[in-house]
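Please go through this assembly step by step, beginning with how its chains meet and ending with the fold of one of them.

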Amino acid sequence: MVSTPENKNYKVIGTRPIRHDGYDKVTGRAQYGADIKLPGMLTGAVARSPYAHAKIKSIDTSEAEKMDGVFAVMTAKDLPRLGDVVRGNSEESGSEKHLSENVMAFDKVLYKGHVVAAVAAKDQNTAFEAVKKIKVDYEVLKPVIDVDQAMAKDASILHEDYSGDHLGKKVKNTNIAAHVRHENGDIDNGFEKSDLVVEKEVDMQTVHQGYLEPHSGTAVWDEEDRVKVWTSTQGSFAVRDSVSKVLDLDVSRVKVTPMEIGGGFGGKIPIYLEPISAVLSKKTRRPVKTLMSRTDVFDATGPGPGGKVKVKIGIDSEGKILAAYADIRLEAGAYPEAFIEAAAKCVFSCYDVPSMKIDAYDVVVNKPSSAPYRAPASPQVAFATETVVDEICNIKGYDPIDFRLKNVAEKGTRTALGPKYRTIGLKECLEAAKDSDHWKSNLDSNPKPGKKRGRGIASGYWFNIGFKSSVNLSLNPDGKVALIEGSTDIGGSRASIAMQAAEVLGIPAEDVRPSVVDTDSIGITDVTGGSRTTYATGYAAYNAAHKLIEQIIEKSALKWDINKDQIEYSDGVVKSKADSELKMTLKEIADDPPGGPIVSSASVDLEEAGGGFAVHIADLEIDEETGKTDIVNYTAIQDVGKAIHPSYVEGQMQGGAAQGIGWALNEEYFMSDDGIMLNSSYLDYRMPTSLDLPMINTIMVEVPSEEHPYGVRGVGEPPIVPPVPAIGNAINNALGLRLLSTPMKPSRITEALKRKK
Amino acid sequence: MHPFNYYAPETVEEAIEILSKYGDRARCLAGGTDVLVQARGEKFELDAIVDIKKIPQLTKLEWTDSYLIVGAATPCHILYEDSKVCEVFPGIVDSAFLIGGIQIQSRASLGGNLCNASPSADAICSLIVHEVICEIAGPKGVREIPVEDMCTGPGKNALTEGEFLVSLKIPLKKGEFSASYERFIPRNEMDIAVAAVASSVELSDGKVSSCRVALAAVGPTPIFAKEASELLVGKEPTHENIKKVSEKAKDIASPIADMRGTVEHRKDLIKVLTRRTIEKALERAGG
Amino acid sequence: MAENKVKKVAVNTTINGEEMDILVDPYVSLLETLREVVGITGTKEGCNDGNCGACTVNLDGRIVDSCLVLGVEVEGKNIETVEGMANPDGLHPLQQAFLEEAALQCGICTPGFLVSAKALLDNEPDPSEERIRHWLAGNLCRCTGYDKIVKAVTKASKESK
Amino acid sequence: MIKIFLPYKIRENLDVPTEIEAYGSNLRNLIDHIEDMYPGVKEYLVDEGKLRPGMSAVIDGKTTRLGLIHKLDNVAEIHFLPSIAGGSK
């Protein structure tokens, strides 16, 4: 497609080497959070609230303390009470008080599964039995479990002590933690001039990231008041910061060693068990490991927000969008922050909209405190926008790709929040979709009797965050390079980072050996999330590799006693420009270099890497009698900037699509009126199995980002955005029915079919 | 989980003795795919678990002149990997092939599925339409009951203290008999039935000489839909006649709404699945 | 009811070809036995109720969810886990194919998939895509969308012929 | 002069037009200039000598990571926006 910024033929980038950590992961050697074993280690277990909303009147731990094999019991009294300070301005907003209360409730439980106490015991079964003996006296309160209930006039209030920020005004006694607005142009005029205005409201149930590895937290609190933590996390430094805040310790007293991480998708950014294990360790002077069950994971960790989104779009008679309005109400869960600013940024991101207005509400409800889930809030808003766009195309008979191309956002288009796009590749994705075998194929319009087929298309967006990353390199005496980084590797990032260093150094990917290390051993590195890792940590590796070359040249100059301007480096060889006989391999220069070993380090604090766009095409088949939907053909098209390791880029596209398909068709928090999740197991939280999906075709479009030397854009998040609307649009195509609630499960389809008749 | 001891008796008598001693604080362990999950989930507290797989007749398939006798702890895969069972009882195999995934089928048994008495159990409807007889051993000796009398409520069965299910006797039919089981799940595997139906038919001179329809996940126990079944007996298996059975089955279904399905959807599904399973059974029976 | 006295049970079993005597609490799962008693942690816990397949092991030639087997049940049995797949000559063709096809992202489900897929290929050298998908339906993966896993199993089946 | 766009809530509460113009050699000076024209704005943008937590400045399409020391050479427009959380709460 477009040439990359460095504009050259790559030797390493774009190839598909075996990932460095792969051998440990196919042999069972890789150590994940639960796999750690320390000498004298005890097992922790937590007591959780059976109620979604209640005041804690008292906690009696005496029976548990008396049990054989129980070493310590803790409650929130063992944690410092923190004030309400807003932290940071980047990925770590929110309040310390809420951070701490979410780890363990002080006065009030705000969701079923909220931790109220913990024990450390000789083994898991003893710990579980002890937890059963902890008696908590609750005053049960009425829960609010969705945005309508929470925003109602007489709603039960979660945070009596908290003020909501409603367009800059402090408001007490509200579950609306924030109301923000963005305005751009004159929408009243825009709608007035419109030839057609379409409005839809979608309703999305809470969903879970569903990572296969439950959370864990292992800690040792030593006599010097230093806390060592081992955990499975997307960000060891984020854990260090959070743990130090909750325990009121200086960050340097906390050392976090990241274990291998069994999936996260945003959900392994918050802390849960780490401070609990630490306090239990302080009380017992022994290492403590605490694990979650699958039900705990569903009940008490990071769901992606449910909520309601209303979108209204007006077009002129030529099919150009004139105005757009969005009303976004998302569930934050128990504590504020439902990613409403991200929602606002994403809602009209695929279109050039001359006038728009967005109202977004961050609403607390009695569900677990929501965590980022892969492009947080973007799928929710895309469902509304892409449904409206599809409806416009249906009403006017427009080709859905042509309409999107006519209104496409591209470089220079003003985005919803105001700033203009830098180079982006949505147009190229739409063109690739139009040109794809899938789009050109005939939808089998004559399926088996009783079955209907439909095709849907949708676009989606996620911006990539930048932020801080650090990388150290050292040239080993054998001429190979050790790469030290702080980005926990959730799906092949060791490889994609090492490959960027290898490209700079002109050596094979396998000659750069990456290690992910603890927080004492590398500079600050922000979370593996926000589609930033290959971009930002890769950029740090790129810079560090260039610095390493500087070192190599400097030391060669010393060794040969010539001016360093006379030396050039390429592909693992240092040469004198003047004397062709004078050259050394990396192995030769690495063997006893003058003035000490050859090392380098680099750190970055980056801006966003231009946005990432995806376009998905879904063909499905519906059994009209049962409402069962099967995906029969699926294609994911995405601007990936530059695919460093194409296999893992495809993997992100396929995995994101699969999660989105699950979200569209079956996944939901099925809540009782009391605020209890009734389907908190893999049996009833229906994630797709291998038999539920077809092969997922991928088309990687490469429009390089302007902000990265190789043009990298994040690739992990955009692919979860289009599936929900693509499937909704395909269902409409098959049946002539608009389903506006997720999941679009069989019973909803048969009900809608009956209503239609 | 409350700690329990493990017993692995090698005779029926030994098993009865242990079960009698512990009463409701003991459970049999066949495949463990339900009992271990429930013990862990604190559905009940156990002091003893009695592994019955070491009693030879509990894991045996035996063909007699009148029956296929399936040991109660025989894992599902034994059934669907046996070509004779597949040929003679495809309806039973339908169920055995649907319980859980491959891992579960290595362990889970029809007997366990029956004793667990879940309203949505995949095996029970098939057993009902095959007129299976349960052979139960207990302190007072061996007794036999028809399978439809086994489930007495959600998770409750007809076994009394010290008793356990030894085997399932599936009667061999002389005529053109076959059966089919189908469940509806939103996914394609690893799911619990939203609604399910098993149907069996026996043909004689182009007419249905016997028919049995059983429904799951639409009542507190799997239901033998007797009144629906009877509508086809003595009739030709026409669309119109099958439709009457389906509609009656739908009437009989009395589901609840829960996370797995709505009342209306479940009732509609019963109608669809009744028709589909009867048609499939007819096709298999050679009709 | 008097306190129920529960004693550990001695179990003789063979794990990845190594016969061993272990002492287990009668109520703990084979999964916990492998991880906590034997000390091999390649077998993972994803749900502890038989719905994810992360703890799949091969028990006397059949795959099972080790969370739904008691440790005491494996007396005299033969267990194979992911740790037993590679041999001194190298990786099993499935392990190699998973690496080459990028069939893992986070890797937590990988041991279960490998053990399951090996049992399939041991008995059926040339399974169809549909058969592979059906066989692996008891193993959940949240990262890959299964595409590359199915391709890797297909590739290994072709290569081990 | 640089075109400046302030968040809705600041405009609404301090009666600032949608689009204003200001100048400064760096972001700090620019904010001081805005404050001269529209007293009260600085309080929303700056806290303890840094960009206020939760506030970001997008300079010609790129969110600054340098904050108030960001030099403003050849800059056309700056959007002050609520920063977007994507991490831990």
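**Chains in contact and a sheet in chain A**

Among the four pairs of chains that touch, the most contacts are between chains A and C. The model is a predicted one, and the separations given here are computed from its atoms. Other pairs stay apart: no contact joins chain C and chain D, whose closest C-alpha atoms lie 20 Å apart, and none joins chain B and chain D, for which the closest C-alpha atoms lie 30 Å apart.

How many residues does each side bring to the contact between chain C and chain A? Chain C gives 47 residues and chain A gives 55 residues, and between them the two chains bury about 4100 Å², of which 57% is on carbon and sulfur atoms. Of the area that chain C buries against chain A, 21% is supplied by Leu99(C), Gln105(C) and Arg142(C), more than by any other three residues.

The polar side of this interface can be followed next. Five salt bridges are counted between chain C and chain A; in a salt bridge between these chains, the side chain of Asp35(A) meets that of Lys44(C) at 2.4 Å, N to O. With both residues at pLDDT 80 or more, 26 residue pairs are in polar contact across the interface of chain C and chain A. On the side of chain C that touches chain A, the elements giving two or more residues are α1 (30-38), α2 (93-100), α3 (110-123), α4 (129-135) and α5 (147-159) of chain C, with the largest share, five residues, coming from α2(C). By residue type, that side of chain C divides into 21 nonpolar, twelve polar and 14 charged residues.

Attention now turns to the interior architecture of chain A. An open sheet of eight strands in chain A, with mixed pairing, follows the order β8-β7-β9-β19-β18-β17-β10-β31. Its edge strands, β8 (169-171) and β31 (741-742) of chain A, each pair on one side only. Strands of a sheet pair through backbone hydrogen bonds, in either a parallel or an antiparallel manner. Within this sheet, strand β18 (residues 321-333) and strand β19 (residues 355-364) of chain A run parallel and are joined by ten bridges, and the bridge partner of Gly333(A) in β19(A) is Val364(A). Helix α11 (residues 378-396) of chain A packs on the sheet, where the helix touches β10 (196-204), β17 (307-315), β18 and β31 of chain A; the direction of α11 makes about 145° with that of β10(A).

How values were computed
Residues numbered from 1 in each chain as written. Chains lettered and ligands numbered in written order. Predicted model: local features only at pLDDT ≥ 70, side-chain atom pairs only at ≥ 80, totals over all residues. Heavy atoms only, no water. Pairing = 2+ DSSP bridges. Helix = DSSP H or I, 4+ residues; strand = E, 2+ residues; numbered from the N terminus. Contact = heavy atoms within 4.5 Å. Axes fitted to C-alpha atoms, helices over the stretch in contact; angles between N-to-C directions. Buried area = accessible area lost by both parts, 1.4 Å probe. Salt bridge = Lys/Arg side-chain N within 4 Å of Asp/Glu carboxyl O. Polar contact = N/O pair within 3.5 Å; in protein donor to acceptor, adjacent residues only side chain to side chain. Nonpolar A, V, L, I, M, F, W, Y, C, P; charged D, E, K, R; others polar.
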